[in-house]
Amino acid sequence: REHEALHDLLTGLPNRGRFRTTAEDAIARGRRGERGALVLVDLDRFKEVNDTLGHHAGDELLRVVGQRLTESLRTDDLVARLGGDEFGLILPRVKDRDDTVALLTRVREHLAEEIVLDGVSLSVEASFGVAFYPDDADNVEGLLQRADAAMYQGKHGATGVVVYEPRTAAHPTHSLVVQQELRV
């Protein structure tokens, strides 16, 4: 029961609750000098897979993505399914931003390798948003917010791996304000 409470039933990966607990532990180590990264990964055009091939194909794609993420990372990194087509990564003991981006670029390339679902060949694309602890925030909510802002930039930019930069990140409520203004 404990395993079920802390893991996603579809992929077998840790779930949001386990991700949060692990992130809190990692951030505590960050306060003692260990640098690390929290990464949000969102699949691009996942809805198209569900709509075109059905939810069974979408579920299989999520299992493959979870497996590929796990295979591509170091053994002490955590891969979790946060919900829907969103995954979270906790990368403890990172050297620097360049090494982290290089690692995530390789992970993204591995994800993009062809997969055949229901006789249809697909290439998985994903957007990665990266926030570093303790540099960018010293709590889970702050890191999630910053990684999400970076991921959003990745979805709308030329690169799929984006590191949070305070000077280029949109204010968290910016997109909500724009949506509200468009309705008026």
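At 44% relative accessibility, R45 counts as partly exposed. In this predicted model, R45 sits in the loop between strand 1 (36–43) and helix 3. Its backbone is unusual in one respect. R45 has a positive phi of about 60 degrees, although it is not a glycine. Most residues other than glycine have a negative phi. D118 departs from that pattern as well, with a positive phi of about 50 degrees, and D118 is not a glycine either. D118 lies in the loop between strand 4 (114–117) and strand 5.

R45 also belongs to a pocket. The second largest pocket has a volume of about 190 Å³. It is lined by 14 residues, and those closest to its centre are D44, R45, V49, L122 and S123. Two elements give two or more residues to this lining: helix 3 (46–53) and strand 5 (120–123). Helix 3 gives the most, with 5 residues. By class, the lining of the second largest pocket has 8 nonpolar, 4 charged and 2 polar residues.

A further loop residue, D85, is found between strand 2 (78–83) and strand 3 (86–92). D85 has 17% relative accessibility, under the 20% cut-off, and therefore counts as buried. Its contacts were taken without the neighbours within four places in sequence. On that basis D85 touches V41, D42, L43, F46 and L62. Of these partners, V41, D42 and L43 fall within the range of strand 1 (36–43). F46 falls within helix 3 (46–53), and L62 within helix 4 (residues 55–72).

Helix 4 in turn packs against helix 5. Two packed helices are described by the angle between their axes and the distance between the axes. The axes of helix 4 (residues 55–72) and helix 5 (residues 97–111) come within 9 Å. They cross at roughly 145 degrees, and the crossing is right-handed. On the helix 4 side, the meeting residues are V65, R68, L69, E71 and S72. On the helix 5 side, they are L103, V107, H110 and L111. By class, this contact has 5 nonpolar, 2 polar and 2 charged residues. The two charged residues are R68 and E71, both in helix 4.

One more backbone feature concerns a peptide bond. Most peptide bonds are trans. The bond that joins Y133 and P134 is cis, with omega of about 5 degrees. P134 is placed in the loop between strand 6 (126–133) and helix 6 (140–155). Y133 is the last residue in the range of strand 6 (126–133).

Conventions
Residues are numbered from 1 along each chain as its sequence is written. This is a predicted model: local features need pLDDT of at least 70, side-chain atom pairs count only at pLDDT 80 or more; totals for chains, interfaces and linings use all residues. Side-chain values use heavy atoms; hydrogens and water are left out. On a 1 Å grid over the protein atoms alone, a cavity is a set of points where a 1.4 Å probe fits but cannot get out, and a pocket is an open set with protein on both sides within 12 Å along at least five of seven lines; lining residues have an atom within 4 Å of a point. Grid points are joined across faces, edges and corners, and a volume is the space filled by probe spheres set on the points. Helices (H or I, at least four residues) and strands (E, at least two) are DSSP runs, numbered from the N terminus. Axes are lines fitted to C-alpha atoms, for helices over the stretch in contact, and angles run from 0 to 180 degrees between N-to-C directions. A crossing is left-handed if the near helix is turned anticlockwise from the far one by less than a right angle, and right-handed if clockwise. Contact means heavy atoms within 4.5 Å. Buried means under 20% relative accessible area, exposed over 50%, partly exposed in between (1.4 Å probe, protein chains only).
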